[in-house]
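Me: Could you take a close look at one part of this protein for me? I would like to understand the salt bridges and what surrounds them.

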Amino acid sequence: AAGPKPEVLVTSGLHDPRVAYWEGAKYAARLREANTSADTRVLLKTDLAAGHFSATDRYHYFKERSYEHAFILDSLGLSGRARR
């Protein structure tokens, strides 16, 4: 249904054997089409090195979780960044 939607971060992995990377892109595109609010972000982040269970390297894993947490904090207005 069309209407205002919450902010969404869609993540996918290029080497995911279970869900093809283009599925995330299709999902993000459909969310963008259905969204009627210009203030709501629908972001797509495709990891070119990871698969279904994200990164196996500990530091890469921490970097990905940090990105997700930063998106959530920014979406809630808690990042300290001025909204456009």
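Reply: Happy to! Let's begin with Glu68, which is partly exposed, with a relative accessible area of 24%. Please keep in mind that this is a predicted model. The side chain of Glu68 meets that of Arg65 in a salt bridge, at 2.8 Å from N to O. Both residues belong to helix 2 (residues 58–75), where they sit three residues apart, about one turn of the helix.

Helix 1 (residues 21–34) offers another pair to look at. Here Lys26 and Glu23 form a salt bridge, with an N to O distance of 3.7 Å. These two are separated by about one helical turn because they are three residues apart in helix 1. Lys26 counts as partly exposed at 40% relative accessibility, and Glu23 is also partly exposed, at 33%.

Now for a pair of another kind: Glu7 forms a salt bridge with Arg41, and their closest N and O atoms are 2.9 Å apart. This pair links distant parts of the chain, 34 residues apart: Glu7 is in the segment before strand 1 (8–13), while Arg41 is in the loop between helix 1 and strand 2 (42–47). Arg41 is buried, because its relative accessible area of 15% falls under the 20% cut-off. Asp74 comes in as well, since a network of salt bridges links Glu7, Arg41 and Asp74.

To put these pairs in context, the whole structure holds five salt bridges. The protein chain itself has two helices and two strands, which run β-α-β-α from the N terminus on.

Key: Residues are numbered from 1 along each chain as its sequence is written. This is a predicted model: local features need pLDDT of at least 70, side-chain atom pairs count only at pLDDT 80 or more; totals for chains, interfaces and linings use all residues. Side-chain values use heavy atoms; hydrogens and water are left out. Helices (H or I, at least four residues) and strands (E, at least two) are DSSP runs, numbered from the N terminus. A salt bridge is a side-chain nitrogen of Lys or Arg within 4 Å of a carboxyl oxygen of Asp or Glu. Buried means under 20% relative accessible area, exposed over 50%, partly exposed in between (1.4 Å probe, protein chains only).
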